[in-house]
Amino acid sequence: MDCKQYTDEELFNMLQEGYDVAFDKLYIRYRDKLVRIVYLKLKSIPIAEEIVQDAFTSLWQRRKTIRITTSVYAYLYSSVKYITLDYFRSNKIANQYIQDTLF
């Protein structure tokens with residue numbers, strides 16, 4: 001299966017029908033782009049990669065129940081954005097705890 005041969009919507013439909021290779025193609029298509037976006041906010045490649053991995057893990061786990069109303073990329077971008085925001089929130093809480101404990 002050639003990655004460029006299928007649209008995102010076709011790949012997503014195939015993913016929902018159980019074709020694992022469709023997930024791989026979406027991952028290959030968007031992983032690097034999403035990592036770059038998260039990296040610009042966090043300045044950490046390992047954390048950016050982990051956040052993107054979390055977004056794709058969520059996509060995989062919820063593949064049979066997700067309804068995408070815009071585009072697959074918009075869905076993944078939103079997912080990464082919210083995971084990044086959660087990271088900021090949890091990191092802020094952790095930093096506050098450390099400051100409170102040390103001082």
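A crossing of two helices is called left-handed if the near helix is turned anticlockwise from the far one by less than a right angle, and right-handed if clockwise. The exercises below use a predicted model, in which local features need pLDDT of at least 70 and side-chain atom pairs count only at pLDDT 80 or more, while totals for chains, interfaces and linings use all residues. Residues are numbered from 1 along each chain as its sequence is written, and side-chain values use heavy atoms, with hydrogens and water left out.

**Exercise 1. Describe the order of elements in the protein chain and how α2 packs against α3.**

Step 1. Helices (H or I, at least four residues) and strands (E, at least two) are taken as DSSP runs, numbered from the N terminus. On this basis the protein chain has 4 helices and 0 strands, and from the N terminus on its elements run α-α-α-α.

Step 2. Axes are lines fitted to C-alpha atoms, for helices over the stretch in contact, and angles run from 0 to 180 degrees between N-to-C directions. Helix α2 (residues 20-42) packs with helix α3 (residues 45-61) at an angle of about 145°, the two axes being 8 Å apart, and the crossing of α2 past α3 is right-handed.

Step 3. Contact means heavy atoms within 4.5 Å. Among the residues that make this contact are L34, V38 and L42 of α2, together with I51, V52 and F56 of α3. Sorted by class, the contact has 17 nonpolar, 1 polar and 3 charged residues, where Ala, Val, Leu, Ile, Met, Phe, Trp, Tyr, Cys and Pro count as nonpolar, Asp, Glu, Lys and Arg as charged, and the others, Gly among them, as polar.

**Exercise 2. Which elements give two or more residues to the largest nonpolar core?**

Step 1. A nonpolar core is a set of buried Ala, Val, Leu, Ile, Met, Phe, Trp, Tyr and Cys residues joined through side-chain atoms within 4.5 Å. Buried means under 20% relative accessible area, exposed over 50%, and partly exposed in between (1.4 Å probe, protein chains only).

Step 2. The largest such core has 23 residues, and those with the most contacts inside it are L34, V38, V52, F56, L59, L76 and V80. Two or more residues come from each of α1 (8-16), α2, α3 and α4, with α2 giving the most, 8 residues.

Step 3. Leaving aside neighbours within four places in sequence, V80 is in contact with L34, V38, I51, V52 and A55.

**Exercise 3. Is T84 buried or exposed, and which residues does T84 touch?**

Step 1. T84 is found in helix α4, and T84 counts as buried because its relative accessible area is 7%.

Step 2. A polar atom of the T84 side chain lies 2.8 Å from the backbone oxygen of V80.

Step 3. Not counting residues up to four places away in sequence, T84 touches V38, L42 and I51.

**Exercise 4. Compare the settings of K43 and I37.**

Step 1. K43 lies in the loop between α2 and α3, and its phi is near 60°, a positive value in a residue other than glycine. K43 counts as exposed because its relative accessibility is 56%.

Step 2. I37, by contrast, is found in helix α2 and is partly exposed, with a relative accessible area of 25%.

Step 3. I37 touches Y73 and Y77, not counting residues up to four places away in sequence.

Terms used: A polar contact is a pair of N or O atoms within 3.5 Å; within protein, one must be able to donate a hydrogen and the other to accept it, and residues adjacent in sequence count only if both atoms are side-chain atoms.
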